[in-house]
Amino acid sequence: MLDIVIKSALIPEKGILDIAIKDGRITSISAHVEEEARYVIKANGKIAMPSFANMHTHISMSLLRGIGADLTLMDWLQKVIWVLEGEFVSPEFVRDGALLGIAESIMSGTTLLMDMYFFEEAVAEVALSAGVRVGLGFGILDFPTKVASTPDEYIKRAEHFIKTFREQDLVFPVLCPHATYTCSPPTLMKVKELAEKEGVLIHTHVAETKAEVESVKEKYGKPPVKHLDALGFLSEKVLMAHMVWLDEEEKSIVKERGAKVLHCPESNLKLASGIAPVWEYIKMGIHVCLGTDGPASNDNLDMLEEMSTMVKLQKGYSLSAKAMDARTAIKIATLNGFTACGIKAGKLEEGYQADLILIDPDKPHLQPLYDPLVQIVYSAKSSDIDTVICKGRVLMEKRELKTVDMDEVRHIARKWKDRITNFIENLGLKPSV
């Protein structure tokens, strides 16, 4: 017996078909699935497509959304975020922020999140309960925070996290050295050594701002990518967020080493960090994924919006309408993320894991429906997403969350708003600094 059958879904470029799911995988896609199923979803022409992979975020920062707007990256971090994190970050804060962020992510069609923050055990707890995939890692730095005092302590804690969660079904541990400007070469090399020993991915920030690049050049004599390459740090296991400010030689290095780019267009725009030349990366054959960054610098986790921003931004920046098309944008936002993590998902094909969404096209802004893929990228809204399935488990249907209690989410948001507002007012700050 099948676990789920989705009846009469519109699969772009294939037509109206049924999708059969068993043991978390798509077992068949055909005109009529006759086999009995425990659960039947009547799509009635809703568009079926792979779910999104949000490949760079700090999801618990959902509780800091809207604070410190209109600042550059370092002012935002130093004057607002690090002050608030120093006061509030705790397992409770991380758990509650993750619940809020994961609810938002599911409702906007995301089933894979690559997260970097503190107390990631708390994120794992929420993700396992909610049924989403998460790649999790502690931020590793050279200076003390709430979770560790020294680089060795961070790495020891990360090693314990890897051993604790590596056998979990939906949670996979990664190593997260924060950046070249917060991690010394000895710290980076210890991370690389542990990653190779444990066979895990490395997730880090690279070349996010022009000021960062100049700072790293001044300190080490090379810009970030060349600096990492000189250390022997880069490989196909390294996922690099932002990658806005690269010279031509650095782009070639990324291609040769097989490292992945995690593009975060909206956060880079909001923090005035710049625009990554993703169309060039794609032309060179560099593996590009998409992320929102944290919900405090974006300020949402809406991958559909992120994808639409990405494709239009690349056209405008390159002055070429052919810089990126809708199908490439969808691949970057879905398949490329899953592939970068070694997960066989991100495609609606037999044998692939069943991570997918249904989009309701019966909306004025999606009609007439000439080309579903084009209209998903340029016209659809996340509120059009009707159903979300992760590894064969229904997380949302008819816009109703099945694995997250929205009353709890609302209570959490109100609780933290009161706490954080009182703290900000006592410091003499406004919510928007």
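Two strands count as paired if DSSP finds at least two bridges between them. With that in hand, here are some close-ups of this predicted model.

**View 1. The hairpin of β16 and β17.** Strands β16 and β17 run antiparallel and are joined by three bridges. One of the residues to look for is C390, whose bridge partner in β17 is R393. The two strands make a hairpin with two residues between them. In that turn, K391 has a positive phi of about 50°.

**View 2. Strand β16 and its other partner, β15.** Here we have β15 (residues 356–359) beside β16 (residues 385–390). Four bridges hook these strands up, and they run antiparallel. For a landmark, find I359, which sits opposite I385 of β16. How many of the six residues of β16 are buried? Six of the six are, so the strand is largely enclosed by the rest of the structure.

**View 3. Helix α3 against helix α4.** Now for a helix pair: α3 covers residues 120–130 and α4 covers residues 151–165. Their axes are 11 Å apart and the packing angle is about 20°. Angles under 35 degrees count as roughly parallel, and α3 and α4 are therefore roughly parallel to each other. Their crossing is right-handed. On the α3 side of the contact you'll find E120, E121 and A124, and these meet R157, F161 and F165 of α4. By type, the contact residues split into three nonpolar, three charged and no polar ones.

**View 4. What sits over α3.** Stay with α3, but look at its buried residues: E120, A122, V123, A124, V126, A127 and A130. Which elements help to cover the buried residues of α3? The cover includes the helices α2 (91–107) and α4, along with the strands β7 (110–117), β8 (133–140), β9 (171–173) and β17 (393–397). So β17, the hairpin partner of β16 in View 1, turns up here again as part of the cover. Just after α3 comes G131, with a positive phi near 90°.

**View 5. A buried lysine, K251.** This residue belongs to helix α8, which takes in residues 248–257. Is K251 buried or exposed? K251 is buried, at a relative accessible area of 4%, where the cut-off for buried is under 20%. Setting aside neighbours within four places in sequence, K251 touches L246, P277, E280, Y281, M284 and I286.

Definitions and conventions: Residues are numbered from 1 along each chain as its sequence is written. This is a predicted model: local features need pLDDT of at least 70, side-chain atom pairs count only at pLDDT 80 or more; totals for chains, interfaces and linings use all residues. Side-chain values use heavy atoms; hydrogens and water are left out. Buried means under 20% relative accessible area, exposed over 50%, partly exposed in between (1.4 Å probe, protein chains only). Contact means heavy atoms within 4.5 Å. Axes are lines fitted to C-alpha atoms, for helices over the stretch in contact, and angles run from 0 to 180 degrees between N-to-C directions. Angles under 35 degrees count as roughly parallel, over 145 as roughly antiparallel, 65 to 115 as roughly perpendicular and the rest as oblique. A crossing is left-handed if the near helix is turned anticlockwise from the far one by less than a right angle, and right-handed if clockwise. Ala, Val, Leu, Ile, Met, Phe, Trp, Tyr, Cys and Pro count as nonpolar, Asp, Glu, Lys and Arg as charged, and the others, Gly among them, as polar.
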